[in-house]
Amino acid sequence: MKKMLKVNLSELIKYIAIIIIILSLFSLGLKLTGYATTTDTGIINITISQTVSINFTIDNINFGSGSVNIGSDNATINTLGNVINGNWTSVTQGFVLENIGNSNVTLHLKSGKTPAGFLGGTNPSYQYNVTNSESGSCVSGDIVLGAWNNVNTISDGDLICSVFGFISNANAIDIDLKLVIPSDARVGASSDTFTATGTSI
C-alpha cells in the first residue's frame, strides 16, 4: 500500500517564500556587480601674468593765448571752464587718467615745473585737483580728492591714490588744473609735462 505524502500548506508557502528571497538576492547581486563605477581626476593649470599699465586717455590741455585784464593784479583760469580777469579761451576738460592694467596700483603725480618756472611774475599759482570720473576709482592718498593742491616737482610727486583700481567702470580719474597768472607773468608760450607713476600693490 502506497504511502500518501502529507504536505502542510503553510510549510510549503514558507519554503516557496524562502526560495523567492534567495533568487531575488542572487539577481540583485548580479545587477550590482554589472553596474560597477569608478572615478578619476584631471588637472588643468594656467598662470596669468600681472600687467601694470596706466594711460592718459586725455593728455593735452591748451589754454591758448590771452592776457590779464588791465588794472587786475592777476587772472585765474582753470579746466572747469572759468576765466576770471583775463581773456583766455574757456577750457572745460582736464586730463583723464585710466588704469588699463589688471592690477591695483598706488598712484603718484608730479609736474615738471614750479609755478615760478611755468608762469613767472609775482605770486603765481599752479594747482591740480583730482576727482573720480568713475566712482570708486581712486582711494585718496596724501591729498584730498576734490581739493586744489599745489603742484609737486620733487621725486615722484604727490601720492594721489593709495589704491587706483583696475576694474572696468571704476578705473578712471579726472585731473583738473588751475592757474593764477600775475599781471607781470613772463610773456610768451610756456608748457609743462605731468608725469603719473603707478606702482603695483
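These are my notebook entries on a predicted model of a protein chain.

**Entry 1. The chain as a whole**

I began with the secondary structure, and found two helices and eleven strands in the protein chain. I then read the elements along the sequence and recorded the pattern α-β-β-β-β-β-α-β-β-β-β-β-β. I looked up burial next: of the 201 residues, 31% count as buried. Lastly I turned to contacts between residues at least 6 apart in sequence, and noted that 72% of them join residues at least 24 apart.

**Entry 2. The open sheet**

I examined a sheet of four strands, which is open and has the order 7-9-5-11. The pairing in this sheet is antiparallel. I identified the edge strands as strand 7 (138–140) and strand 11 (194–200), each of which pairs on one side only. From one strand to the next, I noted an average twist of 30°.

I then looked at one pair within this sheet. Strand 5 (residues 105–111) and strand 9 (residues 158–164) run antiparallel and are joined by four bridges. Across this pair, I found cysteine 161 of strand 9 opposite leucine 107.

**Entry 3. Threonine 195**

I selected threonine 195, which lies in strand 11. Is threonine 195 buried or exposed? I recorded it as partly exposed, because its relative accessibility is 36%, and the range for that class runs from 20% to 50%.

I also looked up which residues threonine 195 touches beyond its neighbours within four places in sequence, and listed His108, Leu109 and Lys110. For lysine 110 I noted the C-alpha separation as well: the two atoms are 5.4 Å apart, although threonine 195 and lysine 110 are 85 residues apart along the chain.

**Entry 4. Aspartate 176**

I located aspartate 176 in strand 10 (residues 172–182). This residue is buried and yet has no salt bridge. Which side chain of opposite charge is nearest to aspartate 176? I found lysine 178, at a distance of 12 Å. A salt bridge would require a side-chain nitrogen of Lys or Arg within 4 Å of the carboxyl oxygen, so lysine 178 does not supply one.

I then searched for a polar partner, and found that the side chain of aspartate 176 makes a polar contact of 2.6 Å with the side chain of threonine 79. Setting aside neighbours within four places in sequence, I listed the residues in contact with aspartate 176 as Thr79, Leu80, Gly94, Gln127, Tyr128, Asn129 and Trp148. Threonine 79 therefore appears in my notes both as a contact and as the polar partner of this aspartate.

Key. Residues numbered from 1 in each chain as written. Predicted model: local features only at pLDDT ≥ 70, side-chain atom pairs only at ≥ 80, totals over all residues. Heavy atoms only, no water. Buried < 20%, exposed > 50% of the residue type's maximum accessible area, 1.4 Å probe, protein only. Lys, Arg positive; Asp, Glu negative; His and termini not counted. Polar contact = N/O pair within 3.5 Å; in protein donor to acceptor, adjacent residues only side chain to side chain. Contact = heavy atoms within 4.5 Å. Pairing = 2+ DSSP bridges. Axes fitted to C-alpha atoms, helices over the stretch in contact; angles between N-to-C directions.
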